[in-house]
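User: Please take a close look at one part of this model, namely how its helices and sheets are packed. I would like one connected account, with the cut-off behind each term.

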Amino acid sequence: MSETILVTGGAGYIGSHTVRMLASQGRKIVVLDNLVYGHELAIIDPQVELVVGEVGDAELVRELFKKHSFDAVVHFAAYTYVGESVTDPLKYYQNNTAAPIVLLQVMQEFGCKSFVFSSTCATYGVPEVVPITEANPQNPINPYGRSKLMVEWILQDCGHAWGLRYACLRYFNASGCSPDGRIGEDHNPETHLIPRVMMAVTGEIEKVEVFGTDYDTPDGTCIRDYIHVEDLADAHGRALDHLMKGGNPVKCNLGTGVGVSVKEIIAAVEEVTGKTVPVTFGPRRPGDPGMLVADPTHAKEVLGWVAQRKDIRDMVRSAWAWMTSERQGRYPENTRGR
Ligand code: UDP
């Protein structure tokens, strides 16, 4: 395979796992990342070129296209804190919606017509039916979800207007890390459930707070579909293959189809670590739907993709390997509030 791919946000969590996988498949990868939330050290393949800069910097992006004649773009670069998107919506619309327009303009200019987009189940808002198929209405309930949905619409319009081929990959809850523990989830601040439960085990935080125990679910806590980051990476490789072969635009969910509650996550962490998790029970977090679980059938139909890891303990075990090894030494700048 001799394709040259631009990966924006390739130094972030899902991006870095995908870059590692795509590079291992023989693709030439150039990463464009502003390193606001990404980590230079998360790009471990020496063949991968890292360019530090903004997706919305037309001159820079144009220079990169001139130099590399990219065959396709995989676009991860985005802000992802839902709460922040509510208090600072323009930051999200600027970075998540306006910046990719610049990227698409340069793609159009250079005749690059394949685009893989990190979309999200947050574009569905509170689903009418669970498990969620792609036919569910997309009514996002926060600016983050809207900032992503707008890009889906833009891609559709570019598809009609100038033949852009795109894959909108709607992730459910990304989790886990590479089985060798070399790269993993590394947000700062960390708001996600699995790392926070582990931080309560390691003592980085005193307790993990369970947001709401009165949901209409069997144990009263929220249910999510946790998808292993390496399964997500695999889906990107397949989406690229599909588009490079001239395949039609794709919009699909990436999840396992298995729902896991907050209490079940805590139990899985206790099982894997052999430690008791200090827990406190609090009120619901505003904007949290009770249950988000994918119907991943469509991804199988169009990309031949099926999540290989469906047992939550696989996600937890790999996340724990990362939490207790490389992460501490590799990213010393990440103090995680200690
Ligand atoms: N959650 C929790 N305590 C935390 C963080 C998350 O109870 O400290 C819950 C949250 O309400 C949601 C689930 O865990 O139901 C997953 O949250 P996360 O932030 O990891 O992902 P999200 O589903 O919001 O994208």
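Analyst: Axes here are lines fitted to C-alpha atoms, for helices over the stretch in contact, and angles run from 0 to 180 degrees between N-to-C directions. Helices (H or I, at least four residues) and strands (E, at least two) are DSSP runs, numbered from the N terminus. The model is a predicted one, in which local features need pLDDT of at least 70 and side-chain atom pairs count only at pLDDT 80 or more, while totals for chains, interfaces and linings use all residues. Residue numbers start from 1 along each chain as its sequence is written.

Helix α2 (residues 58-68) packs against helix α4 (residues 89-110) at an angle of about 35 degrees, and their axes are 10 Å apart. The crossing of this pair is right-handed (the near helix is turned clockwise from the far one by less than a right angle; anticlockwise would be left-handed). On the α2 side the contact is made by Ala58, Val61, Arg62 and Phe65, and on the α4 side by Val102, Leu103, Val106 and Phe110 (two residues are in contact if their C-beta atoms, placed from the backbone, lie within 7 Å). By class, this contact holds seven nonpolar residues, one charged residue and no polar ones (Ala, Val, Leu, Ile, Met, Phe, Trp, Tyr, Cys and Pro count as nonpolar, Asp, Glu, Lys and Arg as charged, and the others, Gly among them, as polar).

α4 also packs against α5, at an angle of about 20 degrees and with the axes 9 Å apart. These two helices are therefore roughly parallel to each other (angles under 35 degrees count as roughly parallel, over 145 as roughly antiparallel, 65 to 115 as roughly perpendicular and the rest as oblique). α4 passes α5 in a right-handed crossing. The residues of α4 that take part include Tyr92, Tyr93, Ile101 and Leu104, and among those they meet in α5 are Tyr144, Val151, Ile154 and Trp162. This contact has 13 nonpolar, four polar and one charged residues.

The sheet comes next. Seven strands form an open sheet in the order β3-β2-β1-β4-β5-β6-β11, with parallel pairing (two strands pair if DSSP finds at least two bridges between them). β3 and β11 (250-254) stand at the edges with a single partner strand each, so each has one side without a neighbour in the sheet. On average, and with direction ignored, neighbouring strands are turned by 20 degrees against each other. Within this sheet, strand β4 (residues 72-75) pairs with β5 in the parallel sense over three bridges, and Val74 has Val116 in β5 as its bridge partner. α2 packs on the sheet by touching β1 (4-8), β2 and β3, and its direction makes about 170 degrees with that of β2. α4 packs there too, touching β1, β4 and β5, and its direction makes about 175 degrees with that of β4.

Two of the loops around these elements contain unusual backbone geometry. Most residues other than glycine have a negative phi, and most peptide bonds are trans. Leu35, in the loop between β2 (28-33) and β3 (49-52), has a positive phi near 60 degrees. Pro131 lies in the loop between β5 (114-120) and α5 (143-162), and the peptide bond joining Val130 to Pro131 is cis, with omega about 0 degrees.

A further helix pair is formed by α6 and helix α10 (residues 312-323), which pack at an angle of about 55 degrees with their axes 11 Å apart. They are therefore oblique to each other, and the crossing is again right-handed. Ile194, Pro195, Met198 and Thr202 of α6 meet Met315, Val316, Ala319, Trp320 and Met323 of α10. Eight nonpolar residues, one polar residue and no charged ones make up this contact.

α6 (193-202) also faces the ligand: both α6 and β8 (208-211) supply at least two residues of the shell around the ligand, and β8 gives the largest share, four residues. Of the 14 residues around the ligand, His192, Leu193, Arg196, Phe211 and Cys222 come nearest (a residue is near a molecule or strand if its C-beta atom, placed from the backbone, lies within 6 Å of it). The shell has six nonpolar, three polar and five charged residues.
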